[in-house]
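Q: Please take a close look at one small part of this predicted model. Start with how its strands pair, then move outward to the rest of the chain.

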Amino acid sequence: MFYSSVRTLLAIFVLSLCCLVPAGATTYVMMTDEALVDTSSLIVEARVVSVSGAPVETPSTDYRVEILRLLKGRSPGAEVVVRQLGGINPEGRAMKIWGLTRLGIGDRALLFLLPRHDGTYGVNQLILGAFREVEVSGERVAVRDLEGASELRADASGKLASVSGGDRPRDVEGFSQWIAQRAEKRFRPADYFRDGLVLPKYNLFADASCGGGDGRPIRWFTFDSGGSVSFTSNSSGQPGLADGGVSEIQAALAAWTNDSSSPISYLYGGSTASTSTNNNIVFDDPNNAISGSFSCGSGGVVAVGGPSYSCSLQTHNGQTYHPTQSAGVTTQNGIGCLFAGAGGITLAEEMFAHELGHTLGLDHSAVSGALMNPILHSPSIGATLSPDEVAAVAFLYGTPVAPPAPPAVPTNLVAAALSTSQIQLTWIDASNNEDTFRIEMNSGFGFSEILAAGANATQITAGGLSPSTNYSFRIRARNTGGDSAYSNTASATTMGVAGSAPSAPTSLQATPATSTSIQLTWNDNASDETSYVVEMRPTASGAYAPIATLAANATSYTATGLTALTSYTFRVKAHNGFGDSGTSNEAAATTLANVPTCSDPNALCLAANRFSVTATFDTVAGQHGTGQPIRLTADTGYFWFFAATNVEVVIKVLDACGFTARPAFWVFASGLTDVHVAITVTDLTSGQSHVFVNPIRTPFQPIQDTETFQTCGAH
Ligand SMILES: [Zn+2]
């Protein structure tokens with residue numbers, strides 16, 4: 001429908017030929033994206049699955065959307081219903097809301113939502129919280145159709161003035177990431193605006209009558225198979241034009257037919273006496289379709305055009321449409337004066353081309369230079385398609401795109417319980433052409449889809465689950481070509497609320513092991529621990545610190561790296577997913593002294609190297625020397641004084657600690673000499689030392705000492 005330029009603000013909008021719809025003017029003050037995110041409880045990227053009239057009194061529209069990506073809030077499931085004001089109610093009452101972003105079946109959208117009492121979701125701020133995704137030169141851009149609304153904007157003096165609404169395009173990926181980060185309180189400046197991008201703004205007719213109005217667009221299907229549509233014109237002709245408008249009608253038909261982006265074929269079929277609007281163009285409103293008449297002085301409606309379509313559905317490029325059965329154009333009586341002056345022919349061509357655009361399924365465009373803008377251009381643009389119409393018919397009638405091959409199956413699905421209500425899923429993305437991953441869950445009653453993740457996702461968390469319940473999961477990748485096979489099935493059991501921390505260990509004992517280590521043992525009293533933690537502190541002062549985490553069922557540990565002769569205190573606790581047990585009793589022990597090793601080159605190392613034995617001698621002639629040791633066994637050796645071939649003293653040190661009547665180390669020695677001999681025997685562990693002396697000029701007196709070294713208990 002055209003309104004003349006003098007009557008541009010009529011509050012009437014013709015949705016299709018069948019309905020006149022009252023308008024709801026919309027006025028807004030622009031809200032920042034920050035405020036939009038902060039005041040929305042659920043933000044998703046979604047795809048429109050269906051559009052239908054809502055079963056409520058106030059004319060409203062229900063958009064069933066599948067969630068592709070969760071940007072803020074808890075996942076409400078794979079699909080939600082978004083109920084938007086405006087549309088048609090069950091009694092047929094309709095309402096148009098200006099500035100609503102057009103969402104059609106198959107459209108992707110960024111939706112800022114708030115839950116409603118009836119289980120559906122509302123768009124935050126009615127028109128501001130819904131962005132439609134459009135592709136511009138390969139880039140996905142989020143747009144709002146705010147042109148139909150009035151924006152209150154402060155002028156230079158700070159006074160609010162009403163201006164035509166508008167919006168800045170946003171890069172979908174950058175915007176989505178920014179939203180998700182802000183939802184996690186990670187604030188950064190907006191960097192996703194794509195100012196200057198030229199966006200298509202076309203609108204398509206949407207059904208408002210089939211079953212309460214299903215919102216689906218309308219198109220001819222005959223062109224797909226090479227067919228064409230012929231329009232006749234009524235033989236009375238258009239007043240004001242030289243040949244009754246036939247050449248202008250032909251120019252208008254050719255404008256659509258000649259567009260190379262579509263197979264549209266509109267032909268001229270000659271004149272007819274018929275005044276029907278069955279593929280016919282009629283003049284002077286012979287059927288009184290437009291009440292009143294036009295006057296070049298006061299303006300009015302110039303013409304109407306549009307399709308008659310079936311409520312049945314047909315599919316094209318993966319979208320469902322109502323097939324157009326016929327179409328017609330009616331000009332208003334009294335418009336002949338419009339064509340009187342210079343440019344009248346061009347104006348008539350523009351008018352017919354515009355109305356024929358309606359017959360193709362196009363609604364009015366908000367772009368001021370577009371042919372489908374509802375205001376006649378001055379000067380007229382004639383029968384010229386703007387890029388907006390080219391984009392519209394490319395979408396509606398363009399060559400079907402071969403669907404891609406279905407994605408490869410995702411692999412290595414792993415499920416892990418995070419809490420009593422959440423299970424995390426991870427997988428390997430084995431495909432490069434998926435649109436989404438579809439997650440299915442089975443809690444014992446068969447698999448059903450519960451979540452979707454965006455392209456290239458490799459993890460998602462299933463929430464809202466029951467405690468102590470086993471869930472199985474499988475996923476598949478999806479694109480417009482279909483679904484992949486299912487991944488492996490992965491299962492996990494949520495944590496139990498009745499669960500508790502394990503029982504504490506008891507009977508902790510600490511025993512010195514060496515000068516740098518202490519041996520610990522305890523009793524394991526738990527059956528549900530996942531680990532043991534050993535804690536230590538210096539006995540004299542200091543706080544406990546963990547020194548080791550041990551596997552379940554551990555009952556011993558050796559603390560190492562300690563300082564000699566230092567007391568340490570220990571305690572042990574068990575641990576599982578619900579927390580720590582209480583601590584065991586404390587147990588303290590002191591490390592052993594540093595034990596010197598038997599390393600004197602003049603010493604015999606006996607009793608398993610615990611004893612060091614040296615000897616010196618003095619002769620009558622005043623000769624003094626040190627005995628040279630020759631070890632014979634672990635317990636026995638001898639010394640020579642003057643020559644290696646000449647044995648002087650034989651000695652052994654025996655470990656008789658096992659001899660319980662008198663546990664001790666025994667020293668036995670005998671000599672083949674009468675010089676002065678001093679034999680020094682040292683227990684390196686206890687530090688005790690004893691010197692056995694044989695006087696000079698005395699045959700060596702046997703040594704049989706089972707008393708001196710009662711040092712068995714020393715460590
Ligand atoms: Zn129009």
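A: Two strands count as paired here if DSSP finds at least two bridges between them. With that rule, take an open sheet of three strands. The order is β26-β27-β30, and the pairing is antiparallel. The edges are β26, residues 411-417, and β30, residues 459-462. Each of these edge strands pairs on one side only. From one strand to the next, the twist averages 20°.

Now zoom in on one pairing. β26 meets β27, which covers residues 423-428. Five bridges hold the two together in the antiparallel sense. One residue pair gives you a landmark: A416 has Q424 of β27 as its bridge partner. When you trace such a strand, keep one rule in mind. Side chains in a regular strand alternate between the two faces of the sheet.

Next, step back along the chain. Helix α4 spans residues 344-359, which makes 16 residues. From its first C-alpha to its last, α4 reaches 23 Å. That is close to the 22 Å expected at 1.5 Å a residue. α4 is mostly covered, with 13 of its 16 residues buried. An α-helix has 3.6 residues a turn, so residues three or four places apart point the same way. After α4 comes G361, with a positive phi near 105°.

The loop between β25 (362-363) and α5 (387-397) holds L376. L376 counts as partly exposed because it has 18 C-beta neighbours inside 10 Å; a buried residue would need 20 or more. Compare its position with that of D214. The two are 162 residues apart along the chain, and their C-alpha atoms are separated by 30 Å.

Now go forward along the chain. Strand β34 (residues 506-512) and strand β35 (residues 518-523) run antiparallel. Five bridges join them. T506 has N523 of β35 as its bridge partner. The link from β34 to β35 is a hairpin of five residues.

Further on is an open sheet of five strands. Its order is β45-β46-β47-β48-β51, with antiparallel pairing. At the edges stand β45 (628-631) and β51 (703-709). Each has a single partner strand, so one side of each is left without a neighbour in the sheet. Here the twist averages 25° from one strand to the next. Inside this sheet, five bridges pair β46 (residues 636-640) with β47 (residues 647-655), again in the antiparallel sense. The bridge partner of G637 in β47 is I651.

Last, the whole protein. It has five helices and 51 strands. Its C-alpha atoms fill a box of roughly 160 × 60 × 50 Å along the principal axes. The radius of gyration is 48 Å, whereas a compact globule of 715 residues would have one near 27 Å. Buried residues make up 37% of the 715. Take the contacts between residues at least 6 apart in sequence: 64% join residues at least 24 apart.

A word on confidence. pLDDT averages 86 over the protein, and 93% of the residues score at least 70. Residues 1-24 stay under 50. For that stretch, the model has 59 contacts beyond four places in sequence.

Terms used. Residues are numbered from 1 along each chain as its sequence is written. This is a predicted model: local features need pLDDT of at least 70, side-chain atom pairs count only at pLDDT 80 or more; totals for chains, interfaces and linings use all residues. Helices (H or I, at least four residues) and strands (E, at least two) are DSSP runs, numbered from the N terminus. The expected span of a helix is 1.5 Å times one less than its number of residues. A residue is buried if 20 or more other C-beta atoms lie within 10 Å of its own, exposed if 12 or fewer, and partly exposed in between; C-beta atoms are placed from the backbone. Axes are lines fitted to C-alpha atoms, for helices over the stretch in contact, and angles run from 0 to 180 degrees between N-to-C directions. pLDDT is the predictor's confidence in each residue, from 0 to 100. Two residues are in contact if their C-beta atoms, placed from the backbone, lie within 7 Å. The radius of gyration is taken over C-alpha atoms; the globule rule is 2.2 Å times the number of residues to the power 0.38.
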